[in-house]
Amino acid sequence: MKAVSMRQPKALEIVEVPEPKVGPKDVLVELRYVGLCGSDLSAYRGLSPLVTYPRIPGHEASGVVIAKGEKVPEYLKLGSAVAILPYTNCGSCPSCRLGRYNACQHNQTLGVQRDGALSERISIPYEKVYASDALTLQELALVEPLSVGYHATNRGRVAETDTVLVLGCGAVGLGVVAAASSKGAVVIAADIEGSKLAKAEKLGARHTIDLTKGDANAMLRGLTNGEGASVTIEAVGLPQTFRMAIEHAAFSGRVVFIGYAKEDAPLQTNLIVSKELEVLGSRNSLNAFPDVIRMLEGRKLPFGEMISRVIPFMDAAKAFFEWDSSPQKFTRILIEFS
Ligand SMILES: [Zn+2]
Ligand SMILES: [Zn+2]
């Protein structure tokens, strides 16, 4: 079968690889859509410390079950449309012992520490696939990226009484906006790109703030009666936005960091103490797939807004090239298998 291989940074080719083996508890999934994520771009650019080459990228995948091992339960049928959970968990590290598998110390994500989903077929343990009859295969490819934002709102215990400030409206930030607004919170979305703020508005943000225009800090204070937001969620990964998340959190508020920073950020520890903030990290997602699938199935928000382009599998190299040249232009590129 065919797969996209990153031979080395910036060198993609379509290669022949062996058919995957299907164990007793595995399903064989024929891939239909794979979304390209920031971590795939880092791998392409040679900037990911976790990736070795050659590597098959891709972890935001949907497909159809075409074979299953003898120990796979009845509910997963041949022909089921599924979203794939791309993480592994060792079962014995401190996180796994607490049942927090998303933060496994030895996690291997598809397309990062092991070969990913940009291949015609993949064999995967049945517990890692989630079926939905109601969603399209494009929608199923959005489940993983949306689940990352959804998990961050779970970490911040977002409820309908909250005002949530979301810093950064890339795919992950938009997932936070959608999840927080679906939970009934008032969402303030902030970014430096007007087009991303327009998407945030469609996905449920009540207020949007362009951080490049006017006094954004004063506007943020104005929107929260000078109190700050009860939950702030950082989805950028820059020192400035980590600081803003702490500065604009209300007293006794929750601060959630999803952004993965390339450098350390000096933080205002006096504010963390005097406001008694809870500062929480958020990584991957835990048990969020069923909730995200339900949110998508409700079709209350135009999730299709997240898909910027659909590009055929055979043109995957071109997709990476275009994305690398102008990353701001795209929220999600989906690679389509015909
Ligand atoms: Zn991703
Ligand atoms: Zn573990």
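# Close-up views of the predicted model

**View 1. S252 sits in strand 12 (residues 249–257).** The phi angle of S252 is near 60°, a positive value in a residue that is not glycine. Helices (H or I, at least four residues) and strands (E, at least two) are DSSP runs, numbered from the N terminus. As you look around, keep in mind that this is a predicted model, in which local features need pLDDT of at least 70 and side-chain atom pairs count only at pLDDT 80 or more, while totals for chains, interfaces and linings use all residues. Residues are numbered from 1 along each chain as its sequence is written, chains are lettered from A and ligands numbered from 1 in the order in which they are written, and side-chain values use heavy atoms, with hydrogens and water left out.

**View 2. Six strands form an open sheet with parallel pairing.** Reading across the sheet, the strand order is 10-9-8-11-12-13. Strand 10 and strand 13 (278–281) take the edges with a single partner strand each, so one side of each has no neighbour in the sheet. Ignoring direction, neighbouring strands are turned by 15° against each other on average. Helix 8 (residues 239–247) packs on this sheet and touches strand 8, strand 11 and strand 12; contact here means heavy atoms within 4.5 Å. The direction of helix 8 makes about 150° with that of strand 12. For such values, axes are lines fitted to C-alpha atoms, for helices over the stretch in contact, and angles run from 0 to 180 degrees between N-to-C directions.

**View 3. Strand 9 (residues 186–191) is largely enclosed by the rest of the structure, because 5 of its 6 residues are buried.** Buried means under 20% relative accessible area, exposed over 50%, and partly exposed in between (1.4 Å probe, protein chains only). Strand 9 pairs with strand 8 (residues 163–167) in the parallel sense over 5 bridges; two strands pair if DSSP finds at least two bridges between them. Within this pairing, L165 has I188 of strand 9 as its bridge partner. Strand 9 also runs parallel to strand 10 (residues 207–210), joined by 4 bridges. Here D191 is matched with D210 of strand 10, and A190 with I209 of strand 10.

**View 4. Strand 8, helix 5 (residues 171–182) and strand 9 build a right-handed β-α-β unit.** From strand 9 the chain crosses through helix 6 (residues 194–202) to strand 10, and this β-α-β crossover is right-handed. To check the hand yourself, point the strands away from you: a crossover is right-handed if the path from the first strand over the helix to the second runs clockwise.

**View 5. Helix 1 (residues 38–45) crosses helix 11 (residues 316–325) at roughly 95°.** Their axes come within 11 Å. The two helices are therefore roughly perpendicular; angles under 35 degrees count as roughly parallel, over 145 as roughly antiparallel, 65 to 115 as roughly perpendicular and the rest as oblique. Helix 1 brings G38, D40, L41, Y44 and R45 to the contact, and helix 11 brings F320, F321, W323 and D324. By class, the contact has 5 nonpolar, 1 polar and 3 charged residues. Ala, Val, Leu, Ile, Met, Phe, Trp, Tyr, Cys and Pro count as nonpolar, Asp, Glu, Lys and Arg as charged, and the others, Gly among them, as polar.

**View 6. Helix 4 (residues 143–155) packs against helix 10 at an angle of about 110°.** The axes of helix 4 and helix 10 are 9 Å apart, and the angle makes the pair roughly perpendicular. V143, E144, L146, S147 and Y150 of helix 4 meet F289, D291, V292, I293, M295 and L296 of helix 10. These contact residues divide into 8 nonpolar, 1 polar and 2 charged. Helix 10 (residues 289–298) also holds G298, which counts as partly exposed at 41% relative accessibility. The C-alpha atoms of G298 and L135 are 9.9 Å apart, with their positions 163 residues apart along the chain.

**View 7. Two loops carry backbone features to look for.** In the loop between helix 1 and strand 4 (60–68) you will find P54, joined to Y53 by a cis peptide bond with omega about 0°. The loop between helix 7 (216–223) and strand 11 (229–234) holds N225. N225, a residue other than glycine, has a positive phi near 55° and counts as exposed at 72% relative accessibility.

**View 8. Strand 1 (residues 2–8) and strand 2 (residues 11–16) pair in the antiparallel sense over 6 bridges.** S5 stands opposite E13 of strand 2. The hairpin has 2 residues between the strands, and K10 in this hairpin takes a positive phi near 65°.
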